[in-house]
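Me: I am new to this structure and would like to get to know one part of it well. Could you pick a single strand and walk me through its surroundings?

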Number of protein chains: 2
Amino acid sequence: MESAVVKQIDALFNPKSIAVVGASNNPAKWGFGIFNDLLNKGFAGKLYPVTRSEEKISNIAAYSNIKDIPEPVDLVCIVVPAHYVPAVMEDCAEKGVKSAIIITAGFREVGEEGKKLEEEVLGIAREAGIRFVGPNCFGIVNTSANISSMGLLSPYAIPRIPGGSIGIISQSGNAGGYLLGIGAQQGLKFSKFVSSGNETDLHFEDYLEYFLWDPETKVIVGYVEGLKDGRRFLEVARETTKRKPVVVLKVGRTKSGSKAAHSHTGSLAGSESFYAAAFKQTGVICVSEIADVLDVAVAAAYQPIPRGNRVGIVTIGGGFGVIAADACEKQGLEVPSLTDETINRLSKWLPPHWSHSNPVDMVGTLDKTYACIGSVLKDENVDAVLTIASLGFPSGAALEGYPKEFREMAQAYARQMEELELSEGVTGLLERIKRYGKPVIAGVSGSLLGVVEEPKAVKVLRENGLVIYPTPERGAKVLSYLVKYGEYLRGLEGTR
Amino acid sequence: MESAVVKQIDALFNPKSIAVVGASNNPAKWGFGIFNDLLNKGFAGKLYPVTRSEEKISNIAAYSNIKDIPEPVDLVCIVVPAHYVPAVMEDCAEKGVKSAIIITAGFREVGEEGKKLEEEVLGIAREAGIRFVGPNCFGIVNTSANISSMGLLSPYAIPRIPGGSIGIISQSGNAGGYLLGIGAQQGLKFSKFVSSGNETDLHFEDYLEYFLWDPETKVIVGYVEGLKDGRRFLEVARETTKRKPVVVLKVGRTKSGSKAAHSHTGSLAGSESFYAAAFKQTGVICVSEIADVLDVAVAAAYQPIPRGNRVGIVTIGGGFGVIAADACEKQGLEVPSLTDETINRLSKWLPPHWSHSNPVDMVGTLDKTYACIGSVLKDENVDAVLTIASLGFPSGAALEGYPKEFREMAQAYARQMEELELSEGVTGLLERIKRYGKPVIAGVSGSLLGVVEEPKAVKVLRENGLVIYPTPERGAKVLSYLVKYGEYLRGLEGTR
């Protein structure tokens, strides 16, 4: 089941000791951030700074060579300039190191000379049985082992990458780092991350296989400039998407983009028709822009995959209903009629002038959102619900400037709404999503936007994988990807 | 120059006294939020609660009828149920009121009976010379007069709508409220807002003409379900776009969306080809989704309109460069070669392995962003710059958990970066944008995303209209709209 490379990558992600070659006390250098990040984020193993320029790094005695370290070293993280890297790899070989991360750039992506240097490094590593990440990358994150080689990026921008179940494989360090950063901001949680760089040794396909078998990873997202081993990708991807969703952003799709990709990681983007066919054949969800990546990943991981394309829309107001209906149709989704049973049930809760059709326009009703979503979700004409309604009433923290009496009345009402949401709304909805096996996708929570703080109900939903997307269009787009993934999975059942 | 309707709307937006019919002490009712919003947001004029149910509203003596108010009333805001509205309008006529806002829903959009009611109200108003907003709307905001009839939405969700120069005309209350809320969150500032509802009396075209002549409004954004007077729109829009940009989201473009729009405001969406032609002929920037509306508005208002479609890309890392190049090409923008002069200048500042081509991949360089953008902007092959680089270094507030020594070193470095940005970077860039007459559009500031606080440099840029969009794709999309607007304006010059 698990191939040799899976075990090797697992060792790389779970070292007992790490040496940082090029560790530094200068905050402008990568060796500063990387070493301190490992030192201060709770890595339980041994950590060794290696440098010739300073005696101590962050008050820890430095070694001038890995070979001088008296204990065994599992993982070496290399941040010295490119022309020193072959010598460091030689040292790793002599020391008996089995895993390395080469952060350093200036290899194949800069031309012939760099390419030679890169091949030299690969030769040394192959001979010694060393597997390595990079070069020209940000390295790895393993949240469960408190390991991050993200360096400067991480301590300044992401205090701590929250542990969870989204795994990221990125052929771009900055795009990958962006996903971690923006994801953490949105409250998403990650299992493992790898910025794969030039992929001189370990490839995208290798990491994909590793993440397939990684029990901590429930959904895999990838940023792809080019794949080196198309056949292997097809094989591994087909196996993976049966067990967990794979969401990929393929870039370098245009002439300008492909040229830029070549100068970035030296990758040849290859034929776009190959990639389109490969993703389609293997059930990989191929999204069209970076904003989609995490949006789709979290829904695919935590929501039921819809069995069809018929969407019930539940909206606080007509405008969002129109936007949502437009967006659904543009994305190839259907906005069907609801059954009389549903219409009658909704009429009991909503004011007489509600829309009496799909989209369900609740005409400003704030306290029936959960009930309405539940009813529409149950409707046999509906495979999924897209909601743009108030899922969580703001607590009234924004009311500080108001007179006491007003504030007290308004906040009391807000508390009442919150209780209603938390007591029946949220738990009931989560239970129904499971029972009916249909997803609920939220684009904007109500028109009560601009809220200063996140309502509690929204937080609970998010923690259960029901994320609120910023616009109805984004929600519809996410749903369309889920629908396609569902079609693929049903196709598999059909061929069994 | 200014027609009668412009003066009438100006009176509506600048009343000296306002009565709220249906004011309430019950926080669940619109009459609560609306009255208290007016009361507590600094409106300098007289404010009268009108209700039969209570003696005082928020401790202010209430009148049971507008006619009982001893002083003149300039504007009446109506929030009583639909069937009471004709009687209230009669009272307004008798009182000599000239402006009204009918928040109440349940008119034409609910069917024949509501339509009759609506016509009755219109008849009374016409006879008395009363101009009114709505019904079925959220009313107006005039930030310079501290007037907001947004009710519940506003105090809970938007502490105070910040005064500035974006004007909004929305045929949807919730979509319009969303734009105000999300805009305030993003630090954008607004002149005036109107949720036009069913447009029984005043139409989109009327507000457009008013905003055309409003000196406080520099850019007009619109949410449109359907226009009632196509010919008048063409006339007013053509005049407006010469003086200020108009950005419109037209919805109800699909079958499902058009059906939803009809049940929302009773509007008939009309022929899509008419709208496409109308917007093109008049230079109205017609965007494709709600997220574009403010993105484009702020750029169109504050940045030079590009004279061509050639984009220089300046990126912190290769991945974002590839994404940006793909996005530009997809949006019909060109990614041209840079002149040798520019390449040589950039080579002085960047590490040897920088990309030496467009996109300019600064390979992680943090302190040369402003210099590089300036050089690329100057390049004669370039009409605009799209940047995905570090415009503002995080202050290090996220480092609180780190040991003192590390934190001090890292924060000292952050301060150094900040000084550099603020002393030369920002002011120099803003000056160059003016000098060259070319826009700079930012999609993500560096890969240093996930930052806890907004860097000072980014704040200064934002206050000068250089907003940072969340992704390179969003930035490229904004740029493509500006390019099309520029083509339209140059076409006008050609025909003079």
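Reply: Here is a close look at strand β1 of chain B, followed by a step back to the two chains. Please keep in mind that this is a predicted model.

Let's start with the strand itself. Strand β1 of chain B covers residues 17-21, and 5 of its 5 residues are buried, so the strand is largely enclosed by the rest of the structure. Buried here means under 20% relative accessible area. In a regular strand, side chains alternate between the two faces of the sheet. In β1(B), B:S17, B:A19 and B:V21 point one way, while B:I18 and B:V20 point the other way, and all are buried.

Now for the neighbours. Strand β2 of chain B, residues 46-50, runs parallel to β1(B) and is joined to it by 5 bridges. Along this pairing, B:A19 stands opposite B:Y48. Helix α2 of chain B, residues 30-40, belongs to the picture too: β1(B), this helix and β2(B) make a right-handed β-α-β unit.

β1(B) also pairs with strand β5 of chain B, residues 75-78, through 4 bridges, and these strands run parallel as well. In that pairing, you can find B:V21 opposite B:I78.

Finally, the step back. A turn of 180 degrees, with a shift of 0.0 Å along the axis, lays chain A on chain B with an RMSD of 0.1 Å. That is the relation of a two-fold axis. Of the interface residues of chain A, 99% are also interface residues in chain B, so the copies meet through the same surface.

Notes: Residues numbered from 1 in each chain as written. Chains lettered and ligands numbered in written order. Predicted model: local features only at pLDDT ≥ 70, side-chain atom pairs only at ≥ 80, totals over all residues. Heavy atoms only, no water. Least-squares fit on C-alpha atoms with pLDDT ≥ 70 in both. Contact = heavy atoms within 4.5 Å. Buried < 20%, exposed > 50% of the residue type's maximum accessible area, 1.4 Å probe, protein only. Pairing = 2+ DSSP bridges. Right-handed = clockwise from strand over helix to strand, strands pointing away.
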